[in-house]
Amino acid sequence: MMEDQLLEISPRDWKEWRDLYKTDWPRHEVSYNLIQNYIDWMGHGVALKEVVAYSLNGEWAKDGTYILIDRSEMFMYSLDSTLARLRRLLMLVDWTRSYLVNMGLYRSLVIEIYQMFNLEIVFDKHTFIYYVPHEDARKLDVVLPAGFKFAPLEPVDAVFINSEWPHKYPGSEAFVERLIRRNVNLGLFDASGKLMAWCMRVQNGAMGMLGVAYPRRGYGSIMALGFARKLGELGHNCYASVIATNEPSRRMFDKLGFQVKWTTDWLRNGPRNTFSSAQ
């Protein structure tokens, strides 16, 4: 019996790989959007040295099982409900590194792998995915305060946005700037041109980095509506990951008419001690 291997999915196969997730649309749209994001980046001449997608034994076409690593972020998915191949794939990962599992759907499996390799959990957040289909998003009514306007963000805005981000980490300013340069984004500016709120589409197509310069002034609601409408006009369904304990954000999305469609877990492991071994 052949020993399992962690094999890279070649970028030349990414369009065919992406199209596996058109089945039963929009059930698998997050994976479709994730791959399309990186296809778009390559189309703009971006060298994806930091991005690698892996399958088990090169058999990604069998059931769409993959993990994708973008620097320290890990995305994973499988069309196989048993998750047997995803489990085998995760057992081949180099767990001497720390990864943030982004919008993970397989909490039990990931925890099982962590335990197998004696990995510490250093970040653990349960989230609700708030959703609006593009047909409704494009019709959203947005009223701006006098003198305010929406406009695209500029790369220089990354410094301020990162400074206000509650989840910033060493190197996160470059992450924010990368999203501004490469992905759909929007800022809310006052009459003097000062940035009041912002949002951008992250790698898997979610509304991300939603933030405000001044809380409790209604700017977050205006920004969420404005960005959702922009995505809807582009034909994208809108979904946002909101931490379960973030009651103010949850109330805001509820009030704006977003619906909770599913839940996810964000998990980060501490790097594995190289002197330990899987049990």
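The legends below describe close-up views of two pockets in a predicted model. Local features need pLDDT of at least 70, side-chain atom pairs count only at pLDDT 80 or more, and totals for chains, interfaces and linings use all residues. Residues are numbered from 1 along each chain as its sequence is written, and side-chain values use heavy atoms, with hydrogens and water left out.

**View 1. Centre of the largest pocket.** The largest pocket (an open set of points on a 1 Å grid over the protein atoms alone where a 1.4 Å probe fits, with protein on both sides within 12 Å along at least five of seven lines) holds about 1,400 Å³ of space. That volume is the space filled by probe spheres set on the points, which are joined across faces, edges and corners. Nearest its centre lie W165, P166, H167, L210 and N246.

**View 2. Lining of the largest pocket.** The lining (residues with an atom within 4 Å of a point) comprises 47 residues. Strand β10 (residues 207-212; strands are DSSP runs of E, at least two residues, numbered from the N terminus) gives the largest share, six residues. Domain 1 (6-126) and domain 2 (134-236) each contribute at least three residues, with bounds from an automatic or database domain assignment.

**View 3. The second largest pocket.** About 390 Å³ of space lies in this pocket. Of its 20 lining residues, R27, V30, Y77, L105 and W262 are nearest the centre. The elements α2 (29-43), β4 (73-77), β5 (100-104) and β12 (259-269) supply at least two lining residues each. The largest share, four residues, belongs to α2, a helix (a DSSP run of H or I, at least four residues).
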